[in-house]
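Here is a short tour of a protein model, written to be read with the structure open beside you. We begin with a single residue and widen the view from there.

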Amino acid sequence: MALTLYVDTARWRAHHKHVQEQFPGLVPVCKGNGYGFGHERLAEEATRLGSDVLAVGTTYEAARIKDFFGGDLLVLTPYRRGEEPVPLPDRVVRSVSSIDGVYGLVGARVVIEVMSSMKRHGISEQDLPQLHAAIENVRLEGFAIHLPLDRTDGSDAVEEVIGWMDRLRAARLPLHTMFVSHLKADELARLQQQFPQTRFRARIGTRLWLGDHDATEYRGAVLDVTRVAKGERFGYRQQKAASDGFLVVVAGGTSHGVGLEAPKALHGVMPRAKGVARAGLATVNRNLAPFVWGGKQRWFAEPPHMQVSILFVPSDAPEPKVGDELVAHLRHTTTQFDRILDR
């Protein structure tokens, strides 16, 4: 009995091809938990797409993925002096975001990240005069800019990239390749048209692997069902059942990422109100589970265990049976499945 990720493979791959057609020169991103699919699977899919470069998050990920992908590997986390050395082949390209980082990678293949309005990391405009000397001892693969997802100030992503292209050109730095993140297809086309001598390459992860929500589905298998009466005690903390119903033990616990949730940026009155309501319910041990049964998302009977969750299903709902599978609304980037099944 398992927490299973079901994949409509034909539909999933058709979406990959559609994204690839929209973004010529696409660089797939495989980082973290492999967007819920795992590194080996995404390396296989990137190879199927004919990708010559696969972007990964860290040097440790590059060390794991190098045996599954034969092309270049672009490490997105910037190099820092003093980091733990990880043995990597020459086909690994390092990102750098400082002059010192460039000097620390003599002989290496590098992509230089510039500081965007994200203000996460990157070289500044003031650093550009020093770059000429710094890049003499590295193999420069291009520049990169990582853009924000939302632009609440109404600014234009294309104009931000153009601003950096103009600064780099004015500094007489090579502009043969620019790696970009979080641009729309039409925005990328505008840039390519304006700078025909530069190859723009979009690094894409979420939109590529998770853009078609209906192509994948998590399901947890029911392991046990126990009928309980109102007032009966159960579980680790021996709480009382609020009403008659069923305790349903389903595959999927904290080791799978069930019950874990990344913080969200809330915009607008209604999302904030719902957030307050959820927090209020949590203070009285009422937490909504990601599992659905009988057309409704059900409540945790108690906090999820390591490998299973216990749900409370009221007596007026259909009784689950051992072996049934419950659809689970889980975030791919925080979930570890027991198995993946193509269909």
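## Cys30 and its surroundings

Cys30 sits in the loop that runs between β2 and α2. With a relative accessibility of 0%, Cys30 counts as buried, because the cut-off for that class is under 20%. Please keep in mind that you are looking at a predicted model.

What does Cys30 touch once its neighbours within four places in sequence are left aside? The list holds Tyr35, His39, Leu42, Leu54, Ala55, Val56, Gly57, Glu61 and Ile65. Two of these contacts, His39 and Leu42, are buried residues of helix α2. For a sense of distance, take Gln239: its C-alpha atom is separated by 42 Å from that of Cys30, and the two residues are 209 apart along the chain.

## Tyr35, in the loop with Cys30

Tyr35, one of the contacts of Cys30, is also found in the loop between β2 and α2. Is Tyr35 buried or exposed? At 6% relative accessibility it counts as buried, since that value falls under 20%.

The backbone of Tyr35 deserves a look too: phi is near 55°, a positive value in a residue other than glycine. As background, most residues other than glycine have a negative phi.

## Helix α2 and what covers it

Helix α2 covers residues 39-48, and its buried residues are His39, Arg41, Leu42, Ala43, Glu45 and Ala46. Which elements help to cover them? The cover includes the helices α1, α3 (59-65) and α8 (206-210), along with the strands β2 (27-28), β3 (53-56) and β18 (339-342).

Just after α2 comes Gly50, which takes a positive phi of about 80°.

## Where α1 meets the α8 region

His15 belongs to helix α1, which spans residues 9-22. Its relative accessibility is 15%, so it counts as buried under the 20% cut-off. Not counting residues up to four places away in sequence, His15 touches Arg207, Leu208, Gly211 and Asp212. One of these partners also offers a polar atom: the backbone oxygen of Arg207 lies 2.8 Å from a polar atom of the His15 side chain.

Leu26 follows in the loop between α1 and β2. This residue is buried, as its relative accessible area is 5% and the limit is 20%. Beyond residues up to four places away, Leu26 touches Gln20, Arg201, Ala202, Ile204 and Leu208. Leu208 therefore appears in the contacts of both Leu26 and His15, where contact means heavy atoms within 4.5 Å. Gln239 can serve as a reference here as well: the C-alpha atoms of Leu26 and Gln239 are separated by 53 Å, with their positions 213 residues apart along the chain.

## Two partly exposed residues

His182 lies in the loop between β8 (177-181) and α7 (185-194). Like Tyr35, His182 has a positive phi although it is not a glycine, here about 65°. With a relative accessible area of 34%, His182 is partly exposed, because that value lies between the 20% and 50% limits.

Leu288 is found in strand β14, residues 288-293. Its relative accessible area of 43% makes it partly exposed, again because the value is between 20% and 50%. Leaving out residues up to four places away in sequence, Leu288 touches Gln297, Arg298, Trp299 and Phe300. Ala301 is 13 residues from Leu288 in sequence, and their C-alpha atoms are 9.3 Å apart.

## The protein as a whole

Stepping back, the protein has nine helices and 18 strands. Its C-alpha trace spans about 75 × 45 × 40 Å along the principal axes. Of its 343 residues, 48% are buried. Among contacts between residues at least 6 apart in sequence, 66% join residues at least 24 apart.

The accessible surface comes to about 17500 Å², and carbon and sulfur atoms account for 52% of it. As for charge, there are 43 positive and 40 negative side chains, and the centres of the two sets lie 3 Å apart.

## The annotated domain

An unreviewed UniProt entry places the feature "domain: Alanine racemase N-terminal" at residues 8-153. In the model, the end C-alpha atoms of that span lie 39 Å apart, and the span is 29% helix and 20% strand.

Key
Residues are numbered from 1 along each chain as its sequence is written. This is a predicted model: local features need pLDDT of at least 70, side-chain atom pairs count only at pLDDT 80 or more; totals for chains, interfaces and linings use all residues. Side-chain values use heavy atoms; hydrogens and water are left out. Helices (H or I, at least four residues) and strands (E, at least two) are DSSP runs, numbered from the N terminus. Buried means under 20% relative accessible area, exposed over 50%, partly exposed in between (1.4 Å probe, protein chains only). A polar contact is a pair of N or O atoms within 3.5 Å; within protein, one must be able to donate a hydrogen and the other to accept it, and residues adjacent in sequence count only if both atoms are side-chain atoms. Accessible areas come from the Shrake-Rupley method with a 1.4 Å probe; for residues, only the protein chains shown count as cover. Lys and Arg count as positive and Asp and Glu as negative; His and the chain ends are not counted. The place of a charge is taken as NZ of Lys, CZ of Arg, CG of Asp or CD of Glu. UniProt positions are given in the numbering used here, feature names are shortened, and annotations may be inferred rather than shown by experiment.
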